[in-house]
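User: I would like to learn how to read a protein model feature by feature. Please give me the general idea first, then the case at hand.

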Amino acid sequence: MKAVQILLAVVLLALASSLASAYDPSPLQDFCVAINDTKNGVFVNGNFCKDPKLANANDFFFKGLNKPGNTSNPLGSEVTPVNVQQIPGLNTLGISLVRIDFAPKGLIPPHIHPRASEILVVEEGTLYVGFVTSNTENRLFTKVLKKGDVFVFPIGLIHFLLNVDDGNAVAFAGLSSQNPGVITIANAVFGSNPSISPDVLTKAFQVDKNVVNYLQKQF
């Protein structure tokens, strides 16, 4: 009887661990190509799936990641995503990709991906990157990356990327979700719709209300 109880406990622990670590459900078929047709599709993990017999090579294909993104914006950066919206065949596969272009001194501001870890490789230029751990310590991990260097951002942690060169920079990143999501901290806090009450933000940031009003106008 004791052996049975131990075995049951091990099985329950394994199931709990599996559920805790699975951000995107594991597929139960070869693929599940996403479609917007609610009449002829089956709803799986956020998308409807087309009949596998109707799938073709274009469902798993994206063209143009060799083209630089437009960095003519205040941040001097541009992200080109390749997720389930661009490649329907990524649905249920739990992966996606981005290309990140930087103008000189361009920035990807502090943000999080709520559903994915990220692994980044620098293709060109020099990047100063980092992430901050959760509130128990708020430790900052940073590194200066050059061409060919790789860095990992754990799921859900605030991270950033800055081009510290006087030339352009390019990086590619893989993410552990078909739809990792992104929350840019400044946009979310100061640009929410409707706006967060200045009374909340003045107390949270310990600044004057005029500062909060100014920041909210920027977003």
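Analyst: We start with the ground rules, then go from the whole chain to single residues. This is a predicted model, where local features need pLDDT of at least 70 and side-chain atom pairs count only at pLDDT 80 or more, while totals for chains, interfaces and linings use all residues. Residues are numbered from 1 along each chain as its sequence is written, and side-chain values use heavy atoms, with hydrogens and water left out.

User: How many helices and strands does the protein have?

Analyst: Helices (H or I, at least four residues) and strands (E, at least two) are DSSP runs, numbered from the N terminus. Here there are 4 helices and 13 strands.

User: What share of the residues is buried?

Analyst: Buried means under 20% relative accessible area, exposed over 50%, and partly exposed in between (1.4 Å probe, protein chains only). In this protein of 219 residues, 33% count as buried. Areas come from the Shrake-Rupley method with a 1.4 Å probe; for residues, only the protein chains shown count as cover. The accessible surface is about 13600 Å², and carbon and sulfur atoms hold 60% of that.

User: What do the contacts say about sequence separation?

Analyst: Contact means heavy atoms within 4.5 Å. Take the contacts with a separation of 6 or more: 68% of them join residues 24 or more positions apart.

User: Now the sheet. In what order do the strands run?

Analyst: Strands of a sheet pair through backbone hydrogen bonds, either parallel or antiparallel. Two strands count as paired if DSSP finds at least two bridges between them. Here 5 strands form an open sheet in the order β9-β8-β11-β6-β13, with antiparallel pairing. β9 (140-145) and β13 (183-184) are the edges; each has a single partner strand, so one side of each has no neighbour in the sheet. β6 and β13 pair over 2 bridges, in the antiparallel sense. One bridge partner to look up: I112 faces I183 in β13.

User: Where is L107, and what does it touch?

Analyst: L107 belongs to strand β6 (residues 107-112). Its relative accessibility is 26%, so L107 is partly exposed. Beyond neighbours within four places in sequence, its contacts are L75, G76, S77, F102, L161 and L162.

User: Which residues does UniProt list under "binding site"?

Analyst: Read such records with care: annotations may be inferred rather than shown by experiment, feature names are shortened, and positions are given in the numbering used here. The unreviewed UniProt entry lists H111, H113, E118 and H159. They spread over 49 residues of sequence yet cluster in space, with a largest C-alpha distance of 12.1 Å. From this set, H111, H113 and E118 help line the largest pocket. A pocket is an open set of points on a 1 Å grid over the protein atoms alone, where a 1.4 Å probe fits, with protein on both sides within 12 Å along at least five of seven lines; lining residues have an atom within 4 Å of a point.

User: Is H111 buried or exposed?

Analyst: H111 sits in strand β6. It counts as buried because its relative accessibility is 5%. Its contacts more than four places away in sequence include H159, from the UniProt list, and I183. A polar contact is a pair of N or O atoms within 3.5 Å; within protein, one must be able to donate a hydrogen and the other to accept it, and residues adjacent in sequence count only if both atoms are side-chain atoms. For H111, a polar side-chain atom lies 2.8 Å from the backbone oxygen of P109.

User: What polar contact does the side chain of E118 make?

Analyst: It meets the side chain of H113 at 3.1 Å. E118 is in strand β7 (residues 118-124) and is buried, with a relative accessible area of 4%. Among its other contacts are I100, F151 and H159.

User: What about S96 and its surroundings?

Analyst: S96 lies in strand β5 (residues 96-102). At 9% relative accessibility, S96 is buried. A polar atom of its side chain is 2.7 Å from the backbone oxygen of S177. Contacts of S96 include V82, L90 and P180.

User: Which backbone angles deserve a look?

Analyst: The N193 to P194 peptide bond is cis, with omega near 0°. P194 is in the loop between α2 (185-190) and α3 (198-205). Positive phi values in residues other than glycine occur at T92, near 75°, and at K105, near 65°. T92 lies in the loop between β4 (77-82) and β5 and is buried at 3% relative accessibility. K105 lies in the loop between β5 and β6 and is partly exposed at 47%.
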